[in-house]
Each structure stands twice: as structure tokens, then as C-alpha cells.
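This report is meant for a reader who is new to the structure shown below. It goes from single residues to strands and helices, and then to the spaces between them.

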Amino acid sequence: MTGEHLRDALKLYFIMGSPNCTLPPEQVLENAIRGGVTLFQYREKGKGARKGEEKKVLGEKLKWVCQKNGIPFLVNDDIALALELDADGVHVGQEDEPLASVREKLGDKIIGVSAYTLEEARQAANGGANYLGVGPIFPTKSKEDAKAAKGTTVIREIRQNGIRIPIVGIGGIGPGNAKSVIEAGADGVSVISSIAGAEDAEAAAALLKRELTL
Ligand SMILES: C=C1C=NC(C(F)(F)F)=NC1=N
Ligand SMILES: [Mg+2]
């Protein structure tokens, strides 16, 4: 996938695992994609998260849903699982395996890196990350150890410092604030609870997509 294709694919980036879903995760994902999700990250984390074989089995199901619908399937944190599932890529945080060693294992697959500050963004961009996950932009309920929300200024700051790689904002993004993330210079928004926690994931995704394309 070329850089520009990835930039477009980041538009509406859905992230979830079984702890985020009330309905069966594969059904939530199917509905979310029908509503306009453009890229998916399997993030099996938090209370009640599956482990080992169960985590892998769910990953295979969700990867299949993505492949059927032609959208990229990424795995959060777990490099070994990403390789086992032959995922399209991974997302790693500052405290996960260093970018250089992940790149060595994954070759030209997609590697996204979390960035909370301009410095972290610059380091990841220089280190060959394919995209940055910048946030939390707004207060989030989806990550227990989330840092203080930064607002959209941090995205503007990264762009003003000449960092051009694709950026997706993350953290408390939903209808009403999604557009401001794009206006600050991000190529897309990533959401967990706005879609996974919605009564109707398809409608929730469609509402967000519409706001992003207005
Ligand atoms: C902690 C995270 C930060 N950003 C992202 C993404 F949106 F994909 F960039 N995913 C994560 N799991
Ligand atoms: Mg992580």
C-alpha cells in the first residue's frame, strides 16, 4: 500500500477488541465497515480481553471480515500475533517494541506509532513510521492509562514543524469534534467507543463519515 493510499485509508479508522463490544465483535466490525470505516485495528486489551489462542481465533475472524470488504487489518501492540495472522500491519506505542526492530520483522507492512509530543512525532517520522497516531486529542474513556488530552493544537504543531507523514487523531473523537481534527491537519480520525459502544455501529460510522466529508 503506497503512502498516499494509506493516507486515504486513515480517514475513518476503527479500533476495537471484544471488551469494547456488546454485540459479537465480527458483527460490530461488519456493520461499522458498511457504515464507511476505511481501516481497522484489532486492539484486544483491557478488562476481559482474550489471550493466547482465543485472541488469535477472534483476530482471524476480524481479519477475514476486513479482507472480504477490502480494508486493511492492523494489530495493536502484539507483533507476533500480527505476523501469525499475516496482518497488513501493526500499531505500536512509545512503550512497545522499538520501531527499528518492528520494521525488521515486518518489512514493508504498515507500522503506525503513537505520538503524544512533537518530539515523539519527529522521532517516529524519522524512524520510518508509516503513520502517526496523535493524541489523546480529547478526554477518552477507552484507555485506562491515557495521558491528559492535548486538543488539536498538537496536530497543528506537528504540521507546522514540517512533518508530512500521515496522521490520525485519537482520543474522545466523535460526532461534533471529528472535523476539527482534520482541520488541524490530520488525514483521519480513529475511534473506539463512538462506534463500538453505539447501539447501531453502522449508523455511528456513517454519521462520522458524513461529518468528515462535509
Ligand atoms: C494507542 C493508540 C494510539 N493511536 C492509535 C491509532 F489511532 F491507530 F493511531 N492506536 C492506538 N492503539
Ligand atoms: Mg501499545
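## A residue in a loop

Leu 10 is found in the loop between helix H1 (3–9) and strand S1, where helices (H or I, at least four residues) and strands (E, at least two) are DSSP runs, numbered from the N terminus. This is a predicted model, in which local features need pLDDT of at least 70 and side-chain atom pairs count only at pLDDT 80 or more, while totals for chains, interfaces and linings use all residues. Residues are numbered from 1 along each chain as its sequence is written, chains are lettered from A and ligands numbered from 1 in the order in which they are written, and side-chain values use heavy atoms, with hydrogens and water left out.

With a relative accessibility of 0%, Leu 10 counts as buried; here buried means under 20% relative accessible area, exposed over 50%, and partly exposed in between (1.4 Å probe, protein chains only). Leaving aside its neighbours within four places in sequence, Leu 10 is in contact with residues that include Leu 39, Tyr 131, Val 168 and Val 189, contact being defined as heavy atoms within 4.5 Å. Lys 150 stands 140 residues from Leu 10 along the chain, and the C-alpha atoms of the two are separated by 20 Å.

## Strands S1 and S2

Strand S1 (residues 12–16) and S2 pair in the parallel sense over four bridges, two strands being counted as paired if DSSP finds at least two bridges between them. Met 16 stands opposite Tyr 42 in S2. Within strand S2 (residues 39–42), Leu 39 and Gln 41 point one way and Phe 40 and Tyr 42 the other way, and all are buried.

## Helix H5 and its surroundings

Which residues of helix H5 (residues 99–106) are buried? They are Leu 99, Val 102 and Leu 106. Seen down the axis of H5, these buried residues fall within an arc of 65°, so they line one face of the helix; the arc is that of the directions from the helix axis to the C-beta atoms. On the other side of H5, Ala 100 and Glu 104 are exposed. The buried residues of H5 pack against helix H4 (79–84), strand S4 (89–92), strand S5 (110–115) and helix H6 (118–126).

Ala 124 lies in helix H6 and, at 5% relative accessibility, counts as buried. Not counting residues up to four places away in sequence, Ala 124 touches Leu 99, Val 113, Ala 129 and Leu 132. Between Ala 124 and Gly 112, which are twelve residues apart in sequence, the C-alpha to C-alpha distance is 8.9 Å.

## Backbone angles

The table lists residues with a positive phi.

| Residue | Phi | Place |
|---|---|---|
| Asp 77 | near 65° | loop between strand S3 (73–76) and H4 |
| Asp 86 | about 50° | loop between H4 and S4 |
| Gly 107 | near 60° | follows H5 |

Asp 77 counts as partly exposed at 22% relative accessibility, and Asp 86 is also partly exposed, with a relative accessible area of 46%. The peptide bond from Gly 135 to Pro 136 is cis, with omega near 5°, and Pro 136 lies in the loop between S6 and helix H7 (153–160).

## Pocket and cavity

On a 1 Å grid over the protein atoms alone, a cavity is a set of points where a 1.4 Å probe fits but cannot get out, and a pocket is an open set with protein on both sides within 12 Å along at least five of seven lines, with lining residues having an atom within 4 Å of a point. Grid points are joined across faces, edges and corners, and a volume is the space filled by probe spheres set on the points.

The largest pocket has a volume of about 690 Å³. It is lined by 39 residues, of which the closest to its centre are Ser 114, Gly 135, Pro 136, Lys 143 and Ile 170. Among the elements that give two or more residues to this lining are S1, S4, S5 and strand S6 (131–134). By class, the lining of the largest pocket has 14 nonpolar, 15 polar and ten charged residues, where Ala, Val, Leu, Ile, Met, Phe, Trp, Tyr, Cys and Pro count as nonpolar, Asp, Glu, Lys and Arg as charged, and the others, Gly among them, as polar.

The count comes to one cavity of 30 Å³ or more, and about 40 Å³ of space lies in the largest cavity. Helix H2 (25–34) and helix H9 (193–196) each supply at least two residues of the lining of the largest cavity, which divides into six nonpolar, two polar and no charged residues.
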